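Got the viewer open and a hand on the mouse? Let's take a walk through this chain, one selection after another.

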Amino acid sequence: NSLKRDFGKDILPDTMSLMNFFKRLKDLSHHARLTIYLNTVFVFSRAIGDVFFNVYLWRSTNSLIPIAKYQLFYWFSLILGFVFIGYKFKGKGMSQLFRISFFLHFIFYIAILLLREQASDFVIWLGIAGGFAASFYWAAHQVMVYSGTDDKVREMFYGVLGSLGSFANIVGPAIAGTVIWFGASFDGEKLSGYYLLFGLLALIFLISEFAIKQTGDVTFKRFRLVDSLFLFKEKPVWRLNLLRSFVDGMMITRAFLWSVLSFVILKNELRLGAVISIFAALSIVTNPLIGLLYKTSRRKLFNSIGMIFLVFAGIIYPLWLNPVSLIIDRILGESIGWPLFVFAWLAFFFLAIDKDPEGKERQFEYFTSHEIFQGAGRLLSIGLFMLFFNETQQITQARFWFGGLSLLFIVVWWLVGKIRVQLVTQGYNEGV
């Protein structure tokens, strides 16, 4: 009955009133809207680059090991990048970080163009370069999100962020698949389309680098690596957040396996790009709608429903490994389950910082500790993957690894519940 009252009182007016949606959208600050814009550009480029660079390495080597090596050094470099930024960019505007990131991504794709078929021989160096470039973007992004939002609008913010990111995922992969197909058809070489695509990405990052507006008024003022690590012992609620970050990081091999497994199902890049684009269109609707329906009183329920959907889709997809399971994964997992699941723990992530009287001053120490623990989970996952999957194993064997990692959503859900309890004891009111 209480559940019926909760839903019946508020959800119907919200879903039927566009005016309510736009009113809440106006509540987002200038920094929040700027962050959404920059994230859309970044997601557009990375949606193409991440998926199709993994497929490129798979097609050029017929092995998962180069992908794993690239990912290993990418995430290790990203951790070091956060520490470097903490010391060298303290007190400086975030526009500098955005510009550096976009320029380094431009250099990254130019390097792939120059290396061409030899790129697979330099995956370690490419991983280091890619991770370092990404660290500048995500460091600036997290500071901008924290500066531009509060607990009342964060689900709404992430709903809009996810919706526009999904729009980028519609356009990007469709363009990528077409460019790869066109390049291969025109030149006759199977990898020619990839070089044309990477050239396009380099151009996008170069143009975007010059288009970034100044955001020098947003910065962070404090950072010491020792203090960042000491947060694990000092703050019980943050300790749980860091354990959640570690477990979340363990699922990284699940992410890059998806692109290769989906390529195996669909047989070519054009179909892969089309499928990603089609189901990203659904996420344009589901992300802001779920963000709109989210309230503090619904975080526990929505997070639980999202976990169930993600685990179910994450097991069915690799078990069946066919177009039907791919559709289930995209709809039930990505378009519905993911926003239901993730919006709650993102809200709790920032709320834990809000509850610290020194949180605003120490925000980058919080962000860096998160990246270190999440990165440690990623490195462990990739290391274990490389240990168990050698050069001779078939791609279809990796599907059981994918399904097993999907069970970690249950562990993350359990930790999010513990975080919620800790926040309630600190005065968090979830009944509004």
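Start with a surface view of the whole chain: the accessible surface is about 18200 Å², and 67% of that belongs to carbon and sulfur atoms. Keep in mind as you look around that this is a predicted model. Now switch to cartoon. You'll see 17 helices and 0 strands. The chain has 432 residues, and 57% of them are buried. Folding brings distant parts of the sequence together here: take the contacts between residues at least 6 apart in sequence, and 86% of them join residues at least 24 apart.

**Stop one: helix H6**

Select residues 123-148, which form helix H6, and pick out Ser-135 within them. Is Ser-135 buried or exposed? Its relative accessibility is 0%, so Ser-135 counts as buried. Next, show what surrounds it. Leaving out residues up to four places away in sequence, Ser-135 touches Leu-78, Gly-81, Phe-82 and Ile-85. Try a distance label from Ser-135 to Leu-78: the C-alpha atoms are 4.9 Å apart, although the two positions lie 57 residues apart in sequence numbering.

**Stop two: helix H13 and its partners**

Move on to residues 299-320, helix H13, and highlight Phe-302 there. Phe-302 has a relative accessibility of 6%, so it counts as buried. For another distance label, go from Phe-302 to Val-342: they are 40 residues apart along the chain, and their C-alpha atoms are separated by 9.3 Å.

Now add a second helix. Two packed helices are described by the angle between their axes and the distance between the axes. Bring up H17, residues 408-425: its axis and that of H13 are 9 Å apart, at an angle of about 170°. Because of that angle, H13 and H17 are roughly antiparallel. Which residues meet in this pair? On the H13 side, select Lys-300, Asn-303, Ser-304, Met-307, Leu-310 and Val-311. On the H17 side, select Phe-409, Ile-410, Trp-413, Val-416 and Arg-420. Colour the contact by class and you get 7 nonpolar, 2 polar and 2 charged residues.

Hide H17 and show H11, residues 252-266, instead; the axes of H11 and H13 come within 12 Å and cross at roughly 45°. That crossing angle makes the two helices oblique to each other, and the crossing is left-handed. To see the contact, pick Arg-254, Trp-258, Leu-261, Ser-262 and Ile-265 in H11, together with Leu-310, Gly-314 and Tyr-317 in H13. By class, this contact has 5 nonpolar residues, 2 polar and 1 charged. Did Leu-310 look familiar? Leu-310 is also among the H13 residues that meet H17.

**Stop three: the loop after H13**

Follow the chain into the loop between H13 and H14, and click on Leu-321. What is the backbone doing there? Leu-321 has a phi near 50°, a positive value in a residue other than glycine. At 16% relative accessibility, under the 20% cut-off, Leu-321 counts as buried.

**Last stop: helix H14**

Go on to residues 323-354, helix H14, and zoom in on Ser-335. Ser-335 has a relative accessible area of 0%, so it is buried. Which residues does it touch, if you leave aside neighbours within four places in sequence? Show Phe-279, Leu-282, Ser-283, Thr-286, Ile-290 and Arg-330, and you have the contacts of Ser-335.

Technical notes
Residues are numbered from 1 along each chain as its sequence is written. This is a predicted model: local features need pLDDT of at least 70, side-chain atom pairs count only at pLDDT 80 or more; totals for chains, interfaces and linings use all residues. Side-chain values use heavy atoms; hydrogens and water are left out. Helices (H or I, at least four residues) and strands (E, at least two) are DSSP runs, numbered from the N terminus. Buried means under 20% relative accessible area, exposed over 50%, partly exposed in between (1.4 Å probe, protein chains only). Axes are lines fitted to C-alpha atoms, for helices over the stretch in contact, and angles run from 0 to 180 degrees between N-to-C directions. Angles under 35 degrees count as roughly parallel, over 145 as roughly antiparallel, 65 to 115 as roughly perpendicular and the rest as oblique. A crossing is left-handed if the near helix is turned anticlockwise from the far one by less than a right angle, and right-handed if clockwise. Contact means heavy atoms within 4.5 Å. Ala, Val, Leu, Ile, Met, Phe, Trp, Tyr, Cys and Pro count as nonpolar, Asp, Glu, Lys and Arg as charged, and the others, Gly among them, as polar. Accessible areas come from the Shrake-Rupley method with a 1.4 Å probe; for residues, only the protein chains shown count as cover.
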